[in-house]
Amino acid sequence: MSWQNERIDLNVYSQGEVDKWVYSTCNICSVGCGCHIAVKNEKIVGIKGNPSHPINRGRLGPKGEHQWQANNSPDRLVTPLIRNREGELIPSTWDEAMNVIVSKTKEVLKEKGGNGIAIYSTGQGFLEGYYTIAKIGRAGLGTHLLDANTRLCTATTEFCLLQSFGSDGVPASFDDIDVTETLLLFGHNPAETGTVLFERIMERKKRVGKPYIIVVDPRQTLTAREADLHLQLYPGTNVALLNGLLNFIIKNDLIDRDFIDNHTIGYEKMRASLKEWTLEQTAEITGIPEDLLHTAAKRLGNTSSLVTTTLQGIYQSADATTACVAINNMHLVRGLIGKPGCGPLHMAGQPSSSANRTAGGVGTYPANRNSSNPMHIQEMAKLWNVEESMLPVGPEKGIEEQIEMMENGEIGLFWNIGTNPMVSLPNRRRARKAFENTFVVVQDPFITETSAVADVILPAALWGEKEGTMENADRTINLLRKAVEPPNGVKSDFNILLDFAKRMDFRDLDGGSLIKYTTPEECFEEWKTITVGRPCEMTGITYDKLEQHNGLRWPVNEKNPEGKVRLYEDFNFHTKVDDAQSFTKNQFTGRPLTQEEYEKLEANGRAILHPTVYLRPAEVPNSNYPLWLTTGRLVWHWHTRTKTARSPYLQAAAPNAYAEINVEDATKLGLVEGEYIKISSPRGEIEVPARIGNCVQKGLVFVPFHFGSWDKRESANELTADFTDPLSKQPTFKQSSCRIEKIRTAHVVSVNQGIESIAKQFGINVENLKKANGLHSLSEVEAGTKLEIPLSIINVPIPEYLPFK
């Protein structure tokens, strides 16, 4: 364990001592920090870190410390809402709301069949809910349209693992970061998106000088500032960079030939795809100086151990899966996998998005089963005791494909659980029109921007008001105990799903209820039987054992009673035909391979090396839109601020959207710090204040995506393109084109009018007025001079979060 000492972070508001502390896990990012919830008078009044939990030793990030405040927000939904004929959402009873949903479900099933219904969930729910979605969706409704906001966040994690190793499940864990010689953070900014993990990294770095940290990011983030080597590449050039680095490693014979020969297939085709990528060519395409590339390549080629982490900077970019597969290729050709301090650690973003994939609430079938393998479908039919013909087969469809289906009238009911797609989806105006063409159920604790397209809204419980398990980014299954009852009139996602199944009267082959469990713990016990013999086996887990051990990494079974730190220590991969979770896809086109095509690969337990071809992003700057646009997250907010905006502290730290602009671009445009500007793309426009500096490179504009009120013109996703990766179907939020225009009024200087009086008249200071007009001295202003006056200037400081200092 890296931590040398515990530190109990605490945030409590209580008059007098709290009544009890309840065991739980943080429900914000994917790190999975252990915590205890403070309860007084049957209300959540605070949180503290769990000093015994190995992941965080009592530490919490700023969002984690303040997450409990949303539970007590006065605007909690406490009754269902139904949209009436006048288009208004009016309160209803649970019976009324559920009857409407059941009636519509039956109508759609009759008219359109199972795939007329889509369930779109979240990465912030619990495994038991995801498994129930999988069972209801596939064995009850017969729909294959199960997706989640994880498609936007980290879908590429799953698909790159399927391509290379045959199954989901990250090979390395946080424990490997604790002992590795080199850490490559590729498109991953943990100083702001996983603060406790970054503290853990830096605690070791300060103590022993390791690991050597390489950061790949087009922005000079807080993480990049702490790196030994920052590779600041042009947007959309991840694959070019990786091809150049790997070609250097291979040409200089810095590879493990025995490992390649015995434990991989596809080496020659992969090597051939890299031949053109000299460091000189790579420098030209990526914008990274050749000497820095040489330093990076030598380090990656000679290090005795390497962990590579990835996140949205690579997942939401062009050729996302290809880039992540290239990282897998690098680990495989160097034999740096399945060993202490080694392996790719493709991160999750949300606290339980990994559980959604594992349990089959999205994508493939439960417990890493292949929806295109008849044997796996037969297994699921037997386990669920249903007709095999009831279970949908073949590749799944992501949310962007479902939007197209909604536009075409193919989806009659869209059930949205615990997410806010009207802020988080790219090209959101197009998405809104598609949702308005469909009957939409929204399940959420609050009114959100997505409520604008809802036909029925169901009030759902929050963290602390329900029980279950989550899976973090490194396969750790964590427990969350129920601390308090939800507000009167509010139900948990799990109980809502059970109520729906009962009302639909779903049955198995024996005539019994399809859903036999009644509590999350009973559900988990059934789930364990589904995992027998699968990569994610959890037969050795109980709720009590999870609390006793402060989480366990799967697989947990008789052979591994306390779980496994890392996968593939025996160098046997899940690529045998009847073991594989996927028959993979064509690495270039994304076309799913047939079982026959996959069998011809003859992987048979060996990892698969794929060729990696670089393509420019689908949209690049041009004469009309000459700048790159990218989006991302802030340390102070989570997703669309549904919870964090209800924390006074977090909202005060980052109250507004803004645009981060390079100082050279700002000077060329004559912009003033904090002035409102108009940013346009081929899809829409927003008006936000400018934040000028050197964090972004010249030619790049960064807008955080958290903000999306329909009443303000501030949503980054008014601008983003909805192109998707051909394999993972994850949108490429990180690369769109845009232009900046000033929002100003003109003022003609009159006789005897000085610049000080003009500044006072318009409420602007003299220096900003001079800067806005490119003036160097007051003598340049005389009668008849035409000045530009910024219409609005606000202060946009975003405080840095630096606990690792």
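Two strands count as paired if DSSP finds at least two bridges between them. Keep that in mind for what follows. One caution as well: this is a predicted model.

Start with strands E15 and E16. E15 covers residues 413-417 and E16 covers residues 439-444. They run parallel and share five bridges. One pair to find on screen: Trp415, whose bridge partner in E16 is Val441.

Now step back to the sheet around them. Seven strands make up an open sheet with mixed pairing. The order is E6-E5-E17-E16-E15-E7-E8. Which strands stand at the edges? They are E6, residues 89-91, and E8, residues 146-148. Each has a single partner strand, so one side of each has no neighbour in the sheet. From one strand to the next, the twist averages 20°. Helix H3, residues 127-141, packs on this sheet. The helix touches E7, E8 and E15. Its direction makes about 175° with that of E7, which spans 117-121.

Next, strand E23, residues 659-662. In a regular strand, side chains alternate between the two faces of the sheet. Here is how that looks in E23. Ala659 and Ile661 point one way, and Glu660 and Asn662 point the other way. Are these residues buried or exposed? All are buried.

E23 has two pairings to show you. With E25, residues 685-693, the sense is parallel, over four bridges. There, Ile661 stands opposite Ile692. With E26, residues 700-704, the sense is antiparallel, over two bridges. Phe702 in E26 is the bridge partner of Glu660.

On to the cysteines. How many disulfides does the count come to? Zero, with a disulfide taken as two cysteine sulfurs within 2.5 Å. Take Cys160. The nearest cysteine sulfur belongs to Cys324 and is 4.5 Å away, and Cys160 is in no disulfide. Cys160 counts as buried because its relative accessibility is 0%. Now Cys523. Why is there no bond here? The closest cysteine sulfur, in Cys536, is 14 Å from that of Cys523, which is too far for a bond. Cys523 is buried too, at a relative accessible area of 0%.

Two single residues to finish. First, Thr476, in strand E19, residues 476-480. Its relative accessibility is 4%, so Thr476 counts as buried; the cut-off for that is under 20%. Its side chain makes a polar contact with the side chain of Asp474, at 2.8 Å. What else does Thr476 contact, leaving aside neighbours within four places in sequence? Ile55, Met470, Glu471, Gly551, Leu552 and Arg553.

Second, Arg739, in strand E27, residues 736-742. Arg739 has a relative accessible area of 27% and is therefore partly exposed. Which residues does Arg739 touch, not counting those up to four places away in sequence? On the list are Asn624, Tyr625 and Pro626, along with Lys678, Ile679 and Ser680. With Asn624 there is a detail to look at: its backbone oxygen lies 3.2 Å from a polar atom of the Arg739 side chain. Look at Pro621 as well. Pro621 and Arg739 are 118 residues apart along the chain, yet their C-alpha atoms are separated by 8.9 Å.

That's the tour. Let's go back to the structure and take questions.

Note on methods:
Residues numbered from 1 in each chain as written. Predicted model: local features only at pLDDT ≥ 70, side-chain atom pairs only at ≥ 80, totals over all residues. Heavy atoms only, no water. Buried < 20%, exposed > 50% of the residue type's maximum accessible area, 1.4 Å probe, protein only. Polar contact = N/O pair within 3.5 Å; in protein donor to acceptor, adjacent residues only side chain to side chain. Contact = heavy atoms within 4.5 Å. Axes fitted to C-alpha atoms, helices over the stretch in contact; angles between N-to-C directions.
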